[in-house]
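Please open the structure in your viewer and keep the selection panel at hand, as this tour goes from one selection to the next.

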Amino acid sequence: MPDIKNILTQAVQLLASDVHINVTMPPMLRENTERIAIELTAVRKYDATQKMLRLIGEARLIRF
């Protein structure tokens, strides 16, 4: 999975209002109502699940 700090750094630099992270797609930013692709690899389902496990824990992920 692309590094979240890298994604957020780019978002701040571009003054993006939103960050879109979807499985099987590269991360995107929203700038002035337009979605802008970031030159990063697509997010894999396994990587996204593992990142969520580390962030919120297994019990909360199951509830989510």
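Does Val19 count as buried, partly exposed or exposed, and why? Before you decide, bear in mind that the model is a predicted one. Select Val19, which has its place in strand 1, and colour it by accessibility: its relative accessibility is 32%, and because buried means under 20% and exposed over 50%, Val19 counts as partly exposed. Now add Ile4, Leu8 and Ile21 to the selection, since these residues and Val19 make a nonpolar surface patch of about 270 Å².

Next, select residues 18-20, which are strand 1, together with residues 34-37, which are strand 3, and then add strand 2, residues 28-31. What you now have on screen is an open sheet of 3 strands, in the order 1-2-3 and with antiparallel pairing. Strands 1 and 3 are the edge strands, each of them pairing on one side only, and the twist from one strand to the next averages 30 degrees. In general, the strands of a sheet pair through backbone hydrogen bonds, in either a parallel or an antiparallel way. Look at the pairing of strand 1 with strand 2, which is antiparallel and runs over 3 bridges; to see a particular pair, select His20 and its bridge partner in strand 2, Met28.

Finally, move to helix 2 by selecting residues 45-56, and find the C-alpha atoms at its ends, which are 16 Å apart. This agrees with expectation, because 12 residues at 1.5 Å a residue should span 16 Å. Just after helix 2, select Gly57, where the backbone takes a positive phi of about 90 degrees.

Terms used. Residues numbered from 1 in each chain as written. Predicted model: local features only at pLDDT ≥ 70, side-chain atom pairs only at ≥ 80, totals over all residues. Heavy atoms only, no water. Pairing = 2+ DSSP bridges. Helix = DSSP H or I, 4+ residues; strand = E, 2+ residues; numbered from the N terminus. Axes fitted to C-alpha atoms, helices over the stretch in contact; angles between N-to-C directions. Expected span 1.5 Å × (residues − 1). Patch = residues over 30% accessible without salt bridge, like charges linked within 9 Å, V, L, I, M, F, W, Y side chains within 5 Å. Areas by Shrake-Rupley, 256 points an atom, 1.4 Å probe, with all protein chains shown as cover. Salt bridge = Lys/Arg side-chain N within 4 Å of Asp/Glu carboxyl O. Buried < 20%, exposed > 50% of the residue type's maximum accessible area, 1.4 Å probe, protein only.
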